[in-house]
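User: I would like to practise reading a structure by asking why certain words are used for it. Could you set each value against its definition for me?

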Amino acid sequence: MSPDAKKQVENFLDFLLSKQQHGETFDIDTWKKNIKNIPKWSDEELAVFEENRKLFNKWPSPKW
């Protein structure tokens, strides 16, 4: 998860905990709506990291 997505999840969990502390009930529909709004990376975006990993692994090790 990206740092922004992690922050959104943390904020949502904090929100849920604050509701419990105030005696309010958990609203599953709101939770589902919020969870679906967390951004996801596309396969194309993830492919960049895979390509960079392959290129990085091709670098020769330094000789001491």
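Analyst: Gladly, and we can begin with Phe-56, which is found in helix α3. Please keep in mind throughout that this is a predicted model.

User: Why is Phe-56 called exposed?

Analyst: The word exposed is kept for a relative accessible area over 50%. Phe-56 has a relative accessible area of 53%, and therefore it is called exposed. As for its place in the fold, Phe-56 and Glu-10 are 46 residues apart in sequence, and their C-alpha atoms are 32 Å apart in space.

User: What makes Ala-5 buried?

Analyst: Buried means under 20% relative accessible area, and Ala-5, which lies in helix α1, has a value of 0%, so it counts as buried. Ala-5 and Pro-39 are 34 residues apart in sequence, while the distance from C-alpha to C-alpha is 6.4 Å. Over the chain as a whole, 8% of the 64 residues count as buried.

User: Why is Asn-34 called partly exposed?

Analyst: Partly exposed covers the values between the 20% and 50% limits. Asn-34, a residue of helix α2 (residues 28-36), has 29% relative accessibility, so the term partly exposed applies to it. The C-alpha atoms of Asn-34 and Lys-7 are separated by 13 Å, and the two residues are 27 apart along the chain.

User: How do you know that the chain is more spread out than a compact globule?

Analyst: The chain has three helices and zero strands, and from the N terminus on its elements run α-α-α. Its radius of gyration is 20 Å, whereas the globule rule gives 11 Å for 64 residues; the value is well over that of the rule, so the chain is more spread out than a compact globule. The C-alpha trace spans about 65 × 30 × 10 Å along its principal axes. The chain exposes about 6,200 Å², of which carbon and sulfur atoms supply 58%.

User: Which residues make the nonpolar surface patch, and what makes Leu-46 and Trp-41 fit for it?

Analyst: The patch, of about 400 Å², is made by Trp-41, Leu-46, Val-48 and Phe-49. A patch residue needs over 30% relative accessible area. Leu-46, which lies in helix α3 (residues 43-58), has 41% relative accessibility and so passes that limit. Trp-41 passes the limit as well, because its relative accessible area is 43%.

User: Why is the pair of Trp-41 and Phe-49 called stacked?

Analyst: A search of the whole structure finds three aromatic pairs. One of them is formed by Trp-41 and Phe-49, with 5.2 Å centre to centre and 20 degrees between the planes. Two rings pair if their centres lie within 6.5 Å, and planes under 30 degrees apart count as stacked. The 5.2 Å therefore makes Trp-41 and Phe-49 a pair, and the 20 degrees makes that pair stacked.

User: How do you know that Arg-53 and Glu-50 form a salt bridge?

Analyst: The definition asks for a side-chain nitrogen of Lys or Arg within 4 Å of a carboxyl oxygen of Asp or Glu. The side chains of Arg-53 and Glu-50 meet at 2.4 Å, N to O, and so the definition is satisfied. The structure holds one salt bridge. Arg-53 and Glu-50 are separated by about one helical turn, because they are three residues apart in helix α3. Arg-53 is partly exposed, with a relative accessible area of 42%, and Glu-50 counts as partly exposed at 35%.

User: What is the mean pLDDT of the chain, and which element has the lowest mean?

Analyst: The mean pLDDT of the chain is 85, and 92% of its residues reach 70 or more. Among the elements, helix α1 (residues 3-21) has the lowest mean, 83, and α3 has the highest, 93.

Key
Residues numbered from 1 in each chain as written. Predicted model: local features only at pLDDT ≥ 70, side-chain atom pairs only at ≥ 80, totals over all residues. Heavy atoms only, no water. Patch = residues over 30% accessible without salt bridge, like charges linked within 9 Å, V, L, I, M, F, W, Y side chains within 5 Å. Areas by Shrake-Rupley, 256 points an atom, 1.4 Å probe, with all protein chains shown as cover. Helix = DSSP H or I, 4+ residues; strand = E, 2+ residues; numbered from the N terminus. Buried < 20%, exposed > 50% of the residue type's maximum accessible area, 1.4 Å probe, protein only. Phe/Tyr/Trp six-rings, centres within 6.5 Å; stacked < 30°, edge-to-face > 60°. pLDDT = per-residue confidence, 0-100. Rg over C-alpha atoms; globule rule 2.2 N^0.38 Å.
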